[in-house]
Amino acid sequence: MGYSFNPMPDPKTNEHGDMVSLRDYLSLQAHAHKLAGLLMEGRDLVEEYSRVNAAGIAREEALRATIAELQRENLELRKGKS
C-alpha cells in the first residue's frame with residue numbers, strides 16, 4: 001500500500017546503474033556534504049545581510065524624517081524673521 005524510500009543509495013551503483021567504487025562514492029558524498037554546508041553558510045549570510053539592510057533602511061528613514069523636521073523648523077524660522 002505505501003511507498004518505501006531508501007535515502008541511502010546503493011554505494012555500488014550511481015543514478016545510471018553504473019558500477020562505482022566505494023572510494024568514489026564516499027568522495028562524492030563528502031563533496032555533497034561540503035556543498036550542503038556552503039549552502040547553509042550562504043543562507044546564513046543572506047539572512048544577516050537582510051537584517052543589516054533592514055537596519056540601514058530604518059536608519060535612513062529616521063534620518064530623512066529628522067531632515068524633514070529640521071527643514072520645516074528652518075522654514076518657520078525664516079517666516080518669523082520676515
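**Exercises: exposure and salt bridges**

Asp24 has a relative accessibility of 37% and counts as partly exposed. The model is predicted. Work through the tasks in order.

**Exercise 1.** Find the salt-bridge partner of Asp24 and say how the partner is classed by exposure.

*Solution.*
- Step 1: The side chain of Asp24 meets that of Arg23 in a salt bridge.
- Step 2: The N to O distance is 3.8 Å. The cut-off is 4 Å, so this pair passes.
- Step 3: Arg23 has 66% relative accessibility. Exposed means over 50%, so Arg23 is exposed.
- Step 4: Asp24, at 37%, falls between the 20% and 50% limits, so the label is partly exposed.

**Exercise 2.** Which residues are linked with Arg43 in a network of salt bridges?

*Solution.*
- Step 1: Take the pair of Arg43 and Asp44. Their side chains meet in a salt bridge at 3.5 Å, N to O.
- Step 2: Check exposure. Arg43 is partly exposed at 47%. Asp44 is partly exposed too, with a relative accessible area of 40%.
- Step 3: Widen the view. Glu47 joins Arg43 and Asp44 in the network.

**Exercise 3.** How many residues apart are Arg64 and Glu60 in helix H1?

*Solution.*
- Step 1: Locate the helix. H1 covers residues 22-81, and both residues lie in it.
- Step 2: Arg64 and Glu60 are four residues apart, about one turn of the helix.
- Step 3: Their side chains meet in a salt bridge, with 2.6 Å from N to O.
- Step 4: Recall the principle. Side chains of opposite charge can pair when their charged atoms come close.
- Step 5: Class the two. Arg64 is exposed at 55%. Glu60 is partly exposed at 38%.

**Exercise 4.** Describe the whole protein: its helices and strands, its buried share, its surface and its salt bridges.

*Solution.*
- Step 1: The protein has one helix and zero strands.
- Step 2: Of its 82 residues, 1% count as buried.
- Step 3: The accessible surface is about 8000 Å². Carbon and sulfur atoms account for 61% of that surface.
- Step 4: The structure holds five salt bridges.

Conventions
Residues numbered from 1 in each chain as written. Predicted model: local features only at pLDDT ≥ 70, side-chain atom pairs only at ≥ 80, totals over all residues. Heavy atoms only, no water. Helix = DSSP H or I, 4+ residues; strand = E, 2+ residues; numbered from the N terminus. Buried < 20%, exposed > 50% of the residue type's maximum accessible area, 1.4 Å probe, protein only. Areas by Shrake-Rupley, 256 points an atom, 1.4 Å probe, with all protein chains shown as cover.
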